Every structure is written in structure tokens, then in C-alpha cells.
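Here's a quick briefing on the model you're about to look at. Have the viewer ready and follow along by residue number.

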Amino acid sequence: MSNQMLNQMLNQIQGWLPDWPRLPFWPRLPVWRWLLPVIALPVLVLTGAAACSSSPLATTDEMNRAERTIARAEQDRVGQYAASELAEARQKLQASRSALLQRDAVNADRYAMQATLDAELAVARADLAQANSVNDEMKTSLGILQQEMLRNTQGNQP
């Protein structure tokens, strides 16, 4: 296309448009120079506002410790022997998370610490129950051995 054809097209388009007053900077500045701040400023403001309002709160060290302790207790199948303590630990960890969402870091740490202690209590109770089970089996085996020894000693006497 030649310059003459472009000028004719521009003149025709300008005839269709209303006769707006020309701004003094219009002919001198390219479009991107005045359009960039008009678009960029609201985008930056909205991005900053969204980042500040919806920033997720980081979990505390106590919450991480409680999560690890509960996960370890679940892997050790503590729920078979100490289900109530493990459920209480989960409940307190959830309370810790909700306190953190309410921006109450002190109570979040307190609940997380209690969740850790409840999970450790569950592990200890499960260990005790397993030890008692092994102890009962040993007593049963010992009783069977004593009966066998008595039978053998009575059978060998003339």
C-alpha cells in the first residue's frame, strides 16, 4: 500500500469519528508511551492488593512438629491401641490451624504443642499396650513350659 492510499483511508476514518479536540501530546508521543501507565498502574495496584489480602499464613515450628508426630503415630498404627488420644491430637492440630487463620499465633502454638503431647501420649500408650501384650504371651508360654516340665519330671519317676 502506498502512503497516498493510507492517507485517504485515515481521512475517511477521521470523517466517521466525531470531531474530538486534539490533545497537545497526541501527535508527538507514540501510543504505547501514554497507554502503558494507564494500563500498568491499575494492574500493579490490583496485584499488590490481591497479594496482601490473600497471603497464606506460614505454619509455625510447633505445628510442623505436631504434624510430624501425628504422622509418625499413624505410621506406627497407634490407632489400634490409643485411638482416643490420637483423635484428640488431630482435633488440637485442627484447632491450631484455625487459630492461625484467625491470626492468633500464640494460641496456634499452644494448640500445636498440645497436639504434639497428645500424639506422644498416644505413642506411649500404644507402646505400653504392645509391651503388656508381649508380657502376657511370655507368661502364657512360661506357664506351658512349667506344665511340660512337671509332666516330664512326674513321668520319669519310678
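On the face of helix 3 turned away from its buried side, you'll find the exposed residues Asp61, Arg68 and Gln75. Keep in mind that this is a predicted model. The points below start with the overall picture, then come back to helix 3 and the residues that meet it.

**Overall picture**
- The protein has five helices and zero strands, so the order of elements from the N terminus is simply α-α-α-α-α.
- Buried residues account for 16% of the 158 residues in the protein.
- The exposed surface comes to about 12,600 Å², with 59% of it supplied by carbon and sulfur atoms.
- Take the contacts between residues at least 6 apart in sequence: 67% of them join residues at least 24 apart.

**How far to trust it**
- Mean pLDDT for the protein is 79, and 73% of the residues reach 70 or more.
- Confidence bottoms out in helix 2 (residues 31-53), with a mean of 66, while helix 4 has the highest mean, 91.
- Where pLDDT is low, the predicted coordinates should not be read in detail.

**Helix 3, inside and out**
- Helix 3 covers residues 61-75, and at 1.5 Å a residue its 15 residues should span 21 Å; the end C-alpha atoms are indeed 21 Å apart, which agrees.
- Its buried residues are Glu62, Met63, Ala66, Thr69, Ile70 and Ala73.
- Seen down the helix axis, these buried residues of helix 3 fall within an arc of 125°, so they line one face.
- The background here is that an α-helix has 3.6 residues a turn, so residues three or four places apart point the same way.
- After helix 3 comes Arg77, which has a positive phi, near 55°.

**Where helix 3 meets helix 5**
- Thr116 sits in helix 5 (residues 105-156), and with a relative accessible area of 5% it counts as buried because the cut-off is under 20%.
- Leaving out residues up to four places away in sequence, Thr116 touches Glu62, Arg65, Ala66 and Thr69.
- Thr116 and Arg65 are 51 residues apart in sequence, yet their C-alpha atoms are 6.8 Å apart in space.
- Thr69 belongs to helix 3 and is buried as well, at a relative accessible area of 4%.
- With the sequence neighbors up to four places away again set aside, Thr69 touches Thr116, Ala119 and Glu120.

**Nonpolar cores**
- In soluble globular proteins, nonpolar side chains tend to be buried together.
- The largest nonpolar core here has 13 residues, and the members that touch the most others are Ile70, Ala73, Val78, Leu86, Leu93 and Ala122.
- Helix 3, helix 4 (83-101) and helix 5 are the elements that give two or more residues to this core.
- Which element gives this core its largest share? That's helix 5, with five residues.
- Ala122 touches Val78, Ala82, Glu85 and Leu86, not counting residues up to four places away in sequence.
- Another core, of five residues, lies apart from the largest one and includes Met63, Ala99, Leu100 and Ala112.

How values were computed
Residues numbered from 1 in each chain as written. Predicted model: local features only at pLDDT ≥ 70, side-chain atom pairs only at ≥ 80, totals over all residues. Heavy atoms only, no water. Helix = DSSP H or I, 4+ residues; strand = E, 2+ residues; numbered from the N terminus. Buried < 20%, exposed > 50% of the residue type's maximum accessible area, 1.4 Å probe, protein only. Contact = heavy atoms within 4.5 Å. Areas by Shrake-Rupley, 256 points an atom, 1.4 Å probe, with all protein chains shown as cover. Expected span 1.5 Å × (residues − 1). Arc of directions from axis to C-beta. Core = buried A, V, L, I, M, F, W, Y, C linked by side-chain atoms within 4.5 Å. pLDDT = per-residue confidence, 0-100.
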